[in-house]
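Visitor: I would like to go through the ligand site and the empty spaces of this model, and hear what each term rests on.

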Amino acid sequence: MTEKKIPYKIYLEECEMPQVWYNLRADMQNKPAPLLDPQTKQPMTVKELSNVFCEELAKQELDDQTRFIPIPQEIQEFYKMFRPSPLMRAYRLEEKLQTPAKIYYKFEGNNTSGSHKLNSALAQAYYAKQQGLKGVTTETGAGQWGTALSMACSYFDLDCKVYMVKVSYEQKPFRREVMRTYGASVVPSPSTETEVGRKILAEHPGTTGSLGCAISEAVEKAVTTEGYRYVLGSVLNQVLLHQSIIGLETKAALDKYGIKADIIIGCAGGGSNLGGLIAPFMGEKLRKEADYRIIAVEPASCPSFTRGIYAYDYCDTGKVCPLSKMYTLGSGFIPAPNHAGGLRYHGMSSTLSQLYHDGYMEAVAVPQTTIFESAELFCRTEGILPAPESSHAIHVAIQEALKCKEQNDAKTIVFGLTGTGYFDMYAYEKFHNGKMEDYIPTEEELQASFAKIPKI
Ligand SMILES: *Cc1c(COP(=O)(O)O)cnc(C)c1O
């Protein structure tokens with residue numbers, strides 16, 4: 001019997017697009033630990049969370065029981081502008097590597113914001129509109145989340161205020177201008193606009209900022225402005241829920257051709273794309289219906305899983321957000337400038353942290369120069385210019401494919417290609433000119449940061 005030839009791109013029909021999100025927590029026996037109030041250290045209620053987040057999103061955040069949550073019709077309509085996204089077979093990369101492995105990647109860079117973040121941005125903007133709000137505030141690191149949210153807010157006619165990590169604000173003027181084109185107002189963080197921003201500036205003059213610090217500013221602005229709420233592009237359970245569409249589509253596309261994945265790989269910043277990609281596969285694993293190797297890839301400069309500790313910690317530098325139990329480097333940890341800005345977060349999704357803690361997934365950390373070598377190889381073979389964040393997943397997929405070659409083992413590898421790198425050409429330039437450096441935190445730096453993690 002001849003094997004059915006798998007096309008370069010496996011597309012789903014519009015009508016095959018998932019109509020529900022999958023809530024992985026429903027299948028977890030050890031649920032992720034609850035968010036705690038930073039003052040009282042008691043679990044947060046929907047009511048309390050609703051002062052910061054939209055009410056429906058606060059409900060989703062705390063719901064660890066409902067397995068499937070219907071995607072509102074209006075969101076489905078918006079999703080159809082760029083979804084279903086293709087699952088690609090990397091034939092040319094396989095050929096180049098001379099590997100018997102079969103490599104697939106789910107490409108989420110097919111929309112103007114250039115990444116998977118639009119999946120959750122649309123959902124969050126929709127619920128804000130439903131609640132009758134005037135606008136939302138947020139932070140952005142590399143700018144992908146801010147861009148996605150700006151797009152979503154312009155669709156739903158909401159104000160959008162973005163605190164952009166200062167180093168990115170300066171290094172990525174084009175990102176900033178895309179956001180402004182969609183109507184957002186963009187402020188470099190730390191700023192003098194908020195109390196917490198002023199405090200951080202006084203303590204760390206000349207700081208290039210961090211995601212944790214921009215989050216504090218955005219939260220402060222939201223809770224002190226009438227008709228505004230705060231939205232976050234990663235880390236939270238609600239974001240993983242919205243991103244489950246990536247995994248559900250991937251699984252539907254694989255099932256369509258009777259393909260069974262062996263290894264699933266994703267980059268991990270706050271954990272949203274990875275959590276979304278692996279959701280239905282992890283669900284099978286938790287229910288003992290199937291087994292997969294699942295690998296999180298993080299930058300060596302910000303190694304939350306591989307060198308962090310599992311503890312309750314603040315999600316932001318200013319300590320205004322709830323405490324989350326997660327793998328963390330400490331909320332005071334300001335990672336060295338790294339070109340994968342979307343991965344520069346000190347913590348990790350509490351859901352993924354619990355799963356990692358329980359041994360359901362693996363993690364590796366890789367230095368950025370190595371990442372760019374793989375990015376270039378991928379670009380030259382597959383044609384897509386990958387985001388530095390996504391290239392972490394590419395790199396480990398290549399390594400696994402090379403292992404398959406050594407062992408003459410035709411494994412099926414699936415990885416998440418979260419976005420494109422058109423706004424990262426300074427990084428590529430540094431790499432081409434041999435000017436890229438790897439900053440890896442020392443053990444002393446990490447210990448100093450761990451010492452400041454609250455004892456709970
Ligand atoms: C933000 C971002 C990431 C990392 O965020 P997660 O929440 O960990 O998924 C990865 N890739 C791209 C392209 C991003 O924009």
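Visitor: What makes the pair formed by an oxygen atom of the ligand and the side chain of S234 a polar contact?
Guide: This is a predicted model. In it, an oxygen atom of the ligand is 2.4 Å from an N or O atom in the side chain of S234. A polar contact is a pair of N or O atoms within 3.5 Å, so this pair counts as one.

Visitor: Which polar backbone atoms lie at 2.7 Å and 3.0 Å from an oxygen atom of the ligand?
Guide: At 2.7 Å there is one of G269, and at 3.0 Å one of G270. The cut-off is 3.5 Å, so both pairs are polar contacts.

Visitor: How much of the ligand does the protein bury?
Guide: The protein buries 98% of the 380 Å² that the ligand exposes when taken alone.

Visitor: Which space does the ligand take?
Guide: The ligand takes the space of the largest cavity. Two elements, α12 (272-286) and α16 (388-406), give two or more residues to the shell around the ligand.

Visitor: What makes a residue part of the group that surrounds the ligand, and how many are there?
Guide: A heavy atom of the residue has to lie within 4 Å of the ligand. The ligand is surrounded by 19 residues, with K117, S234, G269, S272 and T418 the closest. By class, the shell has 13 polar, four nonpolar and two charged residues.

Visitor: Why is the space of about 340 Å³ called a cavity?
Guide: A cavity is a set of points where a 1.4 Å probe fits but cannot get out, and the protein atoms alone are considered, so the ligand does not count as filling. The largest cavity holds about 340 Å³ of space. Its lining has 33 residues, and K117, G233, S234, G342 and L343 are the closest to its centre. That lining divides into 19 polar, 10 nonpolar and four charged residues. Among the elements that supply at least two of them are β6 (135-140), α6 (144-156) and α10 (211-223).

Visitor: How many cavities reach 30 Å³ or more?
Guide: There are six of 30 Å³ or more in the structure.

Visitor: What makes the space of about 390 Å³ a pocket instead?
Guide: A pocket is an open set of points, whereas the probe cannot get out of a cavity. The largest pocket has a volume of about 390 Å³. Its lining is made of 18 residues, with E203, H204, T317, K319 and G332 nearest the centre. The elements giving two or more residues are α9 (195-203) and α18 (443-450), and α9 has the largest share, four residues.

Key:
Residues are numbered from 1 along each chain as its sequence is written. This is a predicted model: local features need pLDDT of at least 70, side-chain atom pairs count only at pLDDT 80 or more; totals for chains, interfaces and linings use all residues. Side-chain values use heavy atoms; hydrogens and water are left out. A polar contact is a pair of N or O atoms within 3.5 Å; within protein, one must be able to donate a hydrogen and the other to accept it, and residues adjacent in sequence count only if both atoms are side-chain atoms. Accessible areas come from the Shrake-Rupley method with a 1.4 Å probe; for residues, only the protein chains shown count as cover. On a 1 Å grid over the protein atoms alone, a cavity is a set of points where a 1.4 Å probe fits but cannot get out, and a pocket is an open set with protein on both sides within 12 Å along at least five of seven lines; lining residues have an atom within 4 Å of a point. A molecule sits in a cavity or pocket if more than half of its atoms lie within 2 Å of its grid points. Ala, Val, Leu, Ile, Met, Phe, Trp, Tyr, Cys and Pro count as nonpolar, Asp, Glu, Lys and Arg as charged, and the others, Gly among them, as polar. Grid points are joined across faces, edges and corners, and a volume is the space filled by probe spheres set on the points.
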